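Colleague: I should like to learn how to read a structure of this kind, feature by feature. May we begin with the overall architecture and then turn to the details?

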Amino acid sequence: MLKKLDLNTIALAKEYNQKMVFSYLETNPRFEIGDWWKEEELPFDLSQFGEFKTIAVEVGFGFGEFLFSNALIEKETLFVGIEKYGEGLRKLIDRIKKTNINNIIPLCGDAYVIMQVFFADKSTDKIYVNFPDPWPKKRHQKRRILTEEFFKLAERKLKDNGILYFATDDPVLMEFSQSEIKKVPELKNMCHPDKYLLNSPYRVRTRYENKWIKEHKQLFYFVYGKIDASHKI
Ligand SMILES: C[S@@+](CC[C@H](N)C(=O)[O-])C[C@H]1O[C@@H](n2cnc3c(N)ncnc32)[C@H](O)[C@@H]1O
């Protein structure tokens, strides 16, 4: 079962991100503001804005390096970043302001809330979760993001043929996330017959990825698709 959002949580998410989305829309003439914000029906559907061919979401973008570099390479993709803490968000916004980049929307808040409030079902092409906190202690396990509940939410928000990428350096999280995603059979392992990739399928590296590579850690990359099982990456 997905966590139910209460009206207060929704209102807070709206209020907190309203300025961000509005200032983004105002500075980007490719978007039309319209009256979507007054629409009380949830969710808002960010994929309806602009003329982007694809929409990608990064959950837990940290300082936003992955999001920013990808947005520079893939101009026809709208990158929406979700980050729980403000420091990385502020750094990313400063960086965006110094350029004329127009395909990143950074949002602040808990991914479970933001994904439900800002994305319609079947609206995203790609979702990335890169090196999330592993929360190794048993009593902290419930803080892990790569859970059945998250995978169900991601599956719902992905378009048919959409892809979910996630990566970790942590062997315990690697095992845990695998057993959780098996509970969502609609998401098919695109690395099959392997369980994961040992080399990155990405074009750019994340901050944590660079750190772990310098420390010679083994990294695990997962690619799951809302696709026919015969597809391979
Ligand atoms: C270990 S860092 C990895 C940052 C980045 N992805 C990288 O690879 O460099 C994990 C990030 O996920 C964020 N985070 C954790 N739980 C989250 C949640 N529920 N919603 C949004 N962000 C979350 C944390 O604030 C942190 O910035």
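**Reading the fold**

Modeller: The protein chain holds seven helices and seven strands. Please keep in mind that this is a predicted model.

Colleague: In what sequence do the elements of the protein chain run from the N terminus on?

Modeller: They run α-β-α-β-α-β-α-β-α-β-α-β-α-β. Of the contacts between residues at least 6 apart in sequence, 77% join residues at least 24 apart. Buried residues account for 36% of the 233 residues in the chain.

Colleague: How does one read the sheet, and what is the order of its strands?

Modeller: Strands of a sheet pair through backbone hydrogen bonds, either parallel or antiparallel. Here, seven strands form an open sheet in the order 3-2-1-4-5-7-6, and the pairing is mixed. The edges are strand 3 and strand 6 (188-189), each of which pairs on one side only.

Colleague: Let us take strand 2. How many bridges join strand 1 to strand 2?

Modeller: Six bridges link strand 1 (residues 54-59) with strand 2, and the two run parallel. To follow the register, one may look at individual partners: Val57 has Val80 of strand 2 as its bridge partner, and Thr54 stands opposite Thr77 in strand 2. The chain passes from strand 1 through helix 2 (residues 65-73) to strand 2, in a β-α-β crossover that is right-handed.

Colleague: And what is found between strand 2 and strand 3?

Modeller: Five bridges join these two strands, which run parallel. Within this pairing, Phe79 stands opposite Ile104 in strand 3. Strand 2, helix 3 (residues 86-97) and strand 3 (residues 104-108) form a β-α-β unit, and this unit is right-handed.

Colleague: Why is strand 2 described as largely enclosed by the rest of the structure?

Modeller: The reason lies in burial: six of its seven residues are buried, so strand 2 is largely enclosed by the rest of the structure.

Colleague: How should one read burial on a helix? Which residues of helix 6 are buried?

Modeller: The question to ask is how the buried positions are distributed around the axis. In helix 6 (residues 171-181), the buried residues are Leu173, Met174, Ser177 and Ile181. These residues span an arc of only 105° around the axis, and they therefore lie on the same side of helix 6. Their cover includes helix 5 (148-157), strand 5 (158-168) and strand 7 (220-225).

Colleague: Which residues of helix 5 are buried, and what do they pack against?

Modeller: The buried residues of helix 5 are Phe150, Phe151, Leu153, Ala154, Glu155 and Lys157. They pack against helix 4 (111-118), strand 4, strand 5 and helix 6.

Colleague: Let us turn to the backbone. Which residues other than glycine have a positive phi, Phe131 being one?

Modeller: Phe131 has a phi near 50°, a positive value in a residue other than glycine. Asn161 is not a glycine either, and its phi is positive at about 75°.

Colleague: Where does Phe131 lie, and is Phe131 buried or exposed?

Modeller: Phe131 is in the loop between strand 4 (124-130) and helix 5. With 21 C-beta neighbours inside 10 Å, Phe131 counts as buried, because the cut-off for burial is 20 or more.

Colleague: And is Asn161 buried or exposed?

Modeller: Asn161, found in strand 5, has 11 C-beta neighbours inside 10 Å and so counts as exposed. The cut-off for that class is 12 or fewer.

Colleague: Which peptide bond is cis, with omega near 10°?

Modeller: That bond runs from His192 to Pro193. Pro193 belongs to the loop between strand 6 and helix 7.

Colleague: Finally, how does one describe the surroundings of the ligand? How many residues surround it?

Modeller: One may list the shell, trace it to its elements and then sort it by class. Twenty residues surround the ligand, the closest being Gly60, Gly62, Ala111, Thr206 and Tyr208. Strand 2 (77-83) and helix 7 (207-214) are the elements that give two or more residues to this shell.

Colleague: Which element gives the largest share of the shell, and how is the shell composed by class?

Modeller: Helix 7 gives the largest share, three residues. By class, the shell has nine nonpolar, five polar and six charged residues.

Definitions and conventions:
Residues numbered from 1 in each chain as written. Predicted model: local features only at pLDDT ≥ 70, side-chain atom pairs only at ≥ 80, totals over all residues. Near = placed C-beta within 6 Å. Helix = DSSP H or I, 4+ residues; strand = E, 2+ residues; numbered from the N terminus. Nonpolar A, V, L, I, M, F, W, Y, C, P; charged D, E, K, R; others polar. Contact = placed C-beta atoms within 7 Å. Pairing = 2+ DSSP bridges. Right-handed = clockwise from strand over helix to strand, strands pointing away. Arc of directions from axis to C-beta.
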